[in-house]
Amino acid sequence: MKKIFLAVAVVATVMFASCSSTQKAKDEGADLKSKIENCTNPDSLKVYVEQAKAYADKLVSEGKDKEAEAYLQEVAPVVAAKDPSATSVFDKIGAAADSVAGDATDAVKAAGDSVASAASAVGDAVSDKVDAAKDAAAGAVEDAKAKASQVAEDAKAKAADAAASAADKVKDALGK
């Protein structure tokens, strides 16, 4: 009974932890936005802007480019209203996110090109092998025809020799 209770407790803990980490990430971005909205001290605002930048950088590094861009678009107007000079930080982050997305797109295109060229090379190799096999088969057919023709000639000659030999034997038998 203790084992069952312990297993259920472990599963519940794991489920709770996995659900709460997603919520924590969403709450972190929302908390930073609300801190920026409610901030009146310029020094604190700069700290919060840096934290928002770090949060967006973290999203980009996790491969969540679209979420980082959406977060920046959501927070940038609030920051611009509080301190217009701080929006340049978000412009830099947006450019970095676009660069990462562009790099990823370029990598996917390059991989696609590599796969296409490899497939083309494989297709060419298979085509060459098929052509070689076809040529070999045609050569084998020609050889077989030549051998069959030779066998037919040999059989015809042997049949003629046998017929001549039989005719000679018949003549000899009748002549005696």
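**Exercise 1.** Which residues of H3 are buried?

*Solution.* The model is predicted: local features need pLDDT of at least 70, side-chain atom pairs count only at pLDDT 80 or more, and totals for chains, interfaces and linings use all residues. Residues are numbered from 1 along each chain as its sequence is written, and side-chain values use heavy atoms, with hydrogens and water left out.

Step 1. Buried means under 20% relative accessible area, exposed over 50%, and partly exposed in between (1.4 Å probe, protein chains only).
Step 2. In H3, the buried residues are Asp-65, Ala-68, Tyr-71, Leu-72, Val-75, Val-78 and Val-79.
Step 3. For the chain of 176 residues, 14% count as buried.

**Exercise 2.** Determine whether the end-to-end distance of H3 agrees with its expected span.

*Solution.*
Step 1. Helices are DSSP runs (H or I, at least four residues), numbered from the N terminus.
Step 2. The expected span is 1.5 Å times one less than the number of residues.
Step 3. H3 (residues 65–82) has 18 residues and should therefore span 26 Å; its end C-alpha atoms lie 25 Å apart, which agrees.
Step 4. At Val-75, H3 bends by about 30°, and Pro-77 follows within four residues; the bend is the angle between axes fitted to the seven residues ending there and the seven starting there.

**Exercise 3.** Classify the exposure of Val-126.

*Solution.*
Step 1. Val-126 belongs to helix H4 (residues 87–175).
Step 2. Because its relative accessibility is 47%, Val-126 counts as partly exposed.

Key:
Helix = DSSP H or I, 4+ residues; strand = E, 2+ residues; numbered from the N terminus.
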